[in-house]
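Take a walk through this structure with the sequence at hand. We will go strand by strand, then look inside.

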Amino acid sequence: MRISRKLKLSAWTPVLMAVVIGLALLISHKTMERSLEEGKTTRRIMHGVNELSSFARSYMLYPDDRPMLQFLSEHDSVTELTATIRFNSAEKQEMLENIRHNSRSMKEAFLKLVSNYQHPAQAASTELIEEAEERLAGRVLIQSRGVLSSALRLESLIHDEITTTQRRINILIFFLVIAVTFPLTTALIGMVRNINTSLTALRKGTEVVAAGNLSHRIAISTQDEIGELSRSFDAMTEQLRDTTVSRDELSREVEERKRAEELLRTTLESIGDGFFACDGDWRFIYVNGPAERILDIRRDEVLGKNHWQVFPLTRGTRLEQEFRRAAAGEIRDFENFYEPWGRWFHNRCFPREGGGMSVYFEDITERKQVEEALRASLAEKEVLLKEVHHRVKNNMQVISSLVALQADDTDNAVIRDILQDVTHRIRSMAMVHEKLYQSTDLARVEFADYAQSLLNYLWRAHGSDADGVRLVLDLEPVLLPVNVAVPCGLILNELFSNALKHAFNGRAGGQVTMSLRGDAQGRVRLCVRDNGTGLPEQFDWRQSRSLGLRLVQMLAKQLRAAVEVSSVKGTEFTIAFGGPKT
């Protein structure tokens, strides 16, 4: 903040304090006036109550109309006075209500006393009349004292309020003076100290610069007049130093630049990569030794010449496109094959300040040849592996066909069923190799596609067992390695075959549903469910002597899978495997 603004704020602060104190005094004065007016009203009420008491006693001594009328007139005045005022304090308002109540009670007692005097009871004895009059007179006096007591209490409350208000005004003025005077004094002392410190720094800086040290900076960062003076002085010193720089400093700068250039040249010559640089007009300005050997050029013959004149065959190629993008400000990293030389290059291009580019490059033809040889070898091995899967599939199909022929040649139905089951099992394994042979991934099987093919095959192969049975598939794409796909396919074969053979005995058909789910953690969930007759009661499938169910147990153990079985409205087998534990 500027010094002039600080001084203005310091001058305005006492004014603001005076305004605040004046407002406080004005508010307090109004409060005092209200309290004094309330006290005056209270004293009028007390005077009226005293008058009422006096009139009541006069009537008791001389019961005629004059003191009675005076009492009623004064009571109306007191009632009118108490009806026109209202206090903010709940306690004072309560005292006012007591005055009103006692005043009304006093009037009622007085009127009864008047009535007793004017119309005495005929049958009553003199003693009773006198006793009644004494009681009414006592009641009037008691109510009078009650009104007077409430009025005195009200006057006391008003007096306390006036005293409290005066005390609060004094405390407020005291704290306002302290709250303003102390910070103002502290701020003024701090401002004077800062000004003195800045002026001292400015004086010392001037002496240092005057002694010849043009590199000295006063550097006062304050945003006031002294700070502006300091910055102007530093700018003047900077300009003076720039215009009076010594010859020795210039010579040192030239020597340092030469050493840096020599170090850069030595580094560029010692690296194995080729390097050259072109200016904004595509002229060679530097070529290192490795670039001479790789490009078969001489640097003294190409320096100063245009790149496109030295290498005209690069025109219109990808190399020209990448070089121009680098010269335009992009960093480029790419490989390219230079057809005239039959060689591969790895290039890293960087834009130069002021235009042009710098290029690092190496001879990677040998590496490319090795990569090409590896790709050819890999392709050959893939062909051989496909051939292996193809032959395994063919051999299994031959075995399956032989077993199927043997099954057709026997008259024993039990043996024929066993041989057909063997055929299906061999076929389920052969289909895995068939899918691998057809796939681009020779290590994993797309199991959803495999499961659909296998179940369609089994559904057709079971003939009459599948009549009236509807197959429902709910499959997600899941990739399984060969060592998992084969046992999983055998499990699916056993569960689906069992469903077709046994689930719908004595029924016209039903539905078999197969679902397959997989997640990102490698967990797989396979479920085969039918709506048939379900498993017999008390049947433990793990203790079954059926070869199919024993195969399911052994294959599930091989997969380290969890098997869940439900027999509600049919039979459901759920196989879960994979994930971190498998």
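Start at Cys-278, whose bridge partner in strand E2 is Phe-284. The model is predicted. Strands E1 and E2 pair in the antiparallel sense, and 3 bridges hold that pairing. The two strands form a hairpin with 5 residues between them. One residue in that turn, Trp-282, has a positive phi of about 65°.

Now turn to another partner of E1. Strand E1 covers residues 274-278, and strand E5 covers residues 357-363. These two also run antiparallel, paired over 5 bridges. Here Ala-277 stands opposite Ser-358 in E5.

Step back to see the sheet. Its 5 strands follow the order E2-E1-E5-E4-E3. The sheet is open, and the pairing is antiparallel. What holds such strands together? Strands of a sheet pair through backbone hydrogen bonds, in either a parallel or an antiparallel way. Why is one side of E2 and of E3 left without a neighbour in the sheet? Strand E2 (284-287) and E3 stand at the edges and each has a single partner strand, so one side of each has no neighbour there. Neighbouring strands of this sheet are turned against each other by 25° on average, direction ignored.

A helix joins the picture. H10 lies across E1, E3, E4 and E5. Relative to E3, H10 runs at about 160°.

Next, look inside. How many cavities of 30 Å³ or more does the structure hold? There is 1. The volume of this largest cavity is about 180 Å³. The lining has 13 residues, and the closest to the centre are Leu-295, Leu-319, Phe-323, Trp-341 and Phe-345. Three elements we have already met give two or more residues each to the lining: helix H10 (318-327), strand E3 (332-338) and strand E4 (343-351). By class, 9 of the lining residues are nonpolar and 4 are polar. No charged residues line the cavity.

Now move further along the chain, to another sheet. This one is open too, with 5 strands in the order E7-E9-E10-E12-E11. Its pairing is mixed. The edge strands are E7 and strand E11 (562-566), and each pairs on one side only. From one strand to the next, the twist averages 10°.

Follow this sheet from the E7 edge. Strand E7 (residues 469-475) pairs with strand E9 (residues 510-518) in the parallel sense, over 7 bridges. Val-472 has Thr-513 as its bridge partner in E9. On to E10: 7 bridges join E9 to E10, and these two run antiparallel. Thr-513 appears again here, with Arg-529 as its bridge partner in E10. E9 and E10 form a hairpin with 4 residues between the strands. In this hairpin, Gly-522 takes a positive phi near 85°.

One more step leads to strand E12, residues 571-578. E10 and E12 run antiparallel and are joined by 8 bridges. At one point of this pairing, Cys-527 stands opposite Thr-574 in E12.

Last, consider confidence. The mean pLDDT of the chain is 76, and 74% of its residues reach 70 or more. Where is confidence lowest, and where is it highest? Helix H11 (residues 365-409) has the lowest, at a mean of 63. Strand E10 (residues 523-530) has the highest, at 91.

Notes
Residues numbered from 1 in each chain as written. Predicted model: local features only at pLDDT ≥ 70, side-chain atom pairs only at ≥ 80, totals over all residues. Heavy atoms only, no water. 1 Å grid on protein atoms, 1.4 Å probe; cavity = no way out; pocket = protein on both sides within 12 Å on 5 of 7 lines; lining within 4 Å. Points joined across faces, edges and corners; volume = space filled by probe spheres on them. Nonpolar A, V, L, I, M, F, W, Y, C, P; charged D, E, K, R; others polar. pLDDT = per-residue confidence, 0-100. Pairing = 2+ DSSP bridges. Axes fitted to C-alpha atoms, helices over the stretch in contact; angles between N-to-C directions. Contact = heavy atoms within 4.5 Å.
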